[in-house]
Structures are given as C-alpha cells and as structure tokens.
Amino acid sequence: MHNNLVLIGFMGSGKSSVGRRLAAKQGRSFLDTDAEIVTEAGMSIRKIFSLEGESAFRDRETNILRRLVDYEGIVLATGGGIVLQEENRHLLRRIGPVIWLYAKTDILFERAMRSQKRPLLLVENPRIKFESLLAEREALYRKSADFQVDSSYLNHEETAAKILELTSSTGTADSVGNK
Ligand code: S3P
C-alpha cells in the first residue's frame, strides 16, 4: 500500500474539490483521472465520448491507473465510472486507501447538473439516467472502498477533514472498521 489517498464516487460527490483540499492540507500532489485523460487525449471528455465512444474512454481510465500504481504521496480523484471495470477496482486498491464519497441523491443530482461537461447526463431525461446509473454502481463503490464518507451536509473543507480523521485514526486500509 502506498502513501496515497484515492477518492471514488458518483458524479457530484465532490471528489475533485475535496481532493484538492486534501492534497493542500497534506502537502501531497493532486491528480484527477479525468484531467489526466483530457491532457493525454488533447480533447474534452465530451469530445472523447462523441468521437471515440464510452468504451474507449473506459480504456483510457484503465491506462491512467496502470501508470499511477507506482506513484507515492498523491491524492487521486477519479471519474464516477472508474469502478465499472474489474481491473480498475484492483488498481485503485493498489494505489492507496480508497474513500467513497457519497451524498443524498437530490444533492448529488443538483451538484452534477451544474456542469455541462458530463456527457452521460446530456440526455432528454437526465434524472432518470442519473438514478439508473447510481443504482447500477452503488454496490461497486461500496465494495471498492476502504472508507465511506457522507458529504451531504459537509462543505469541501469539512469533508476533507473527515477523511483525514478516518484514514489517520485507523492507519491503513487493512484496518477498515468504517464501512
Ligand atoms: C463519468 C463521470 C465523469 C467523467 C465522465 C464519465 C461517469 O467524472 O469521468 O463524464 O461515468 O460517471 P465525474 O465523476 O468527475 O463527474
């Protein structure tokens, strides 16, 4: 296990904002799989989905994680679909303790819809799509995570503090106790 922290969770759970704060608090580097993919591909996530399709995007996610397994001292935020591939779930655990950020559905949906960058929500009825994806993925987040944090009523700073409290009091991901 490396000295990293990995954030997983659905769109709107605050992974990137919280991850940036966590990294700043701890003097770690912050990385985001979506941002890595955009840099590598030289195009936006929306464009990757429309030109290459979702499965090419998923392959890109796996390639990023393979590259990160030997990194030390990072906070990694991930795209909401990262847990879909079995290989990714193994890679995430190798990178570091995995924290699942979640929140009540209405709160997640309201936050997720603030951005037009999410191709999966650019559909006629985004709420139905949102709920069906969430239902498909919840069990995957749960089984991928060493810790889980409800961010419904916490701001980013409070969520970051909560994560530090959980991960430092129990040491490593092996000593779970917070699921
Ligand atoms: C996705 C979530 C997005 C991004 C892509 C696909 C998903 O990241 O990776 O639009 O499948 O849930 P965020 O979770 O940061 O929005």
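How far is an oxygen atom of the ligand from an N or O atom in the side chain of arginine 58? The gap is 2.7 Å, and keep in mind that this is a predicted model. Once bound, the ligand is well covered: on its own it exposes 380 Å², and the protein buries 94% of that.

Arginine 58 has company. Here are the polar side-chain distances to ligand oxygen atoms, side by side.

| Residue | Distance from an N or O atom of the side chain to a ligand oxygen atom |
|---|---|
| Lysine 15 | 2.5 Å |
| Aspartate 34 | 2.7 Å |
| Arginine 58 | 2.7 Å |

Zooming out a bit, 13 residues surround the ligand, and the ones that come nearest are Lys15, Asp34, Arg58, Arg118 and Arg137. Sorted by class, that shell splits into five nonpolar, three polar and five charged residues.

Now for the pocket. The ligand sits in the largest one, which holds about 790 Å³ of space. Its lining counts 32 residues, with Ser16, Asp34, Ser115, Lys117 and Arg118 closest to the centre. Asp34 and Arg118 turn up here again, having already been listed among the residues nearest the ligand. As for chemistry, the lining is made of nine nonpolar, eleven polar and twelve charged residues.

Which helix gives the most to that lining? It's α1, with four residues. Helices α1 (15–26), α2 (33–41), α3 (45–52) and α4 (54–68) each chip in at least two.

Methods: Residues are numbered from 1 along each chain as its sequence is written. This is a predicted model: local features need pLDDT of at least 70, side-chain atom pairs count only at pLDDT 80 or more; totals for chains, interfaces and linings use all residues. Side-chain values use heavy atoms; hydrogens and water are left out. A residue is near a molecule or strand if one of its heavy atoms lies within 4 Å of it. A polar contact is a pair of N or O atoms within 3.5 Å; within protein, one must be able to donate a hydrogen and the other to accept it, and residues adjacent in sequence count only if both atoms are side-chain atoms. Accessible areas come from the Shrake-Rupley method with a 1.4 Å probe; for residues, only the protein chains shown count as cover. On a 1 Å grid over the protein atoms alone, a cavity is a set of points where a 1.4 Å probe fits but cannot get out, and a pocket is an open set with protein on both sides within 12 Å along at least five of seven lines; lining residues have an atom within 4 Å of a point. A molecule sits in a cavity or pocket if more than half of its atoms lie within 2 Å of its grid points. Ala, Val, Leu, Ile, Met, Phe, Trp, Tyr, Cys and Pro count as nonpolar, Asp, Glu, Lys and Arg as charged, and the others, Gly among them, as polar. Grid points are joined across faces, edges and corners, and a volume is the space filled by probe spheres set on the points.
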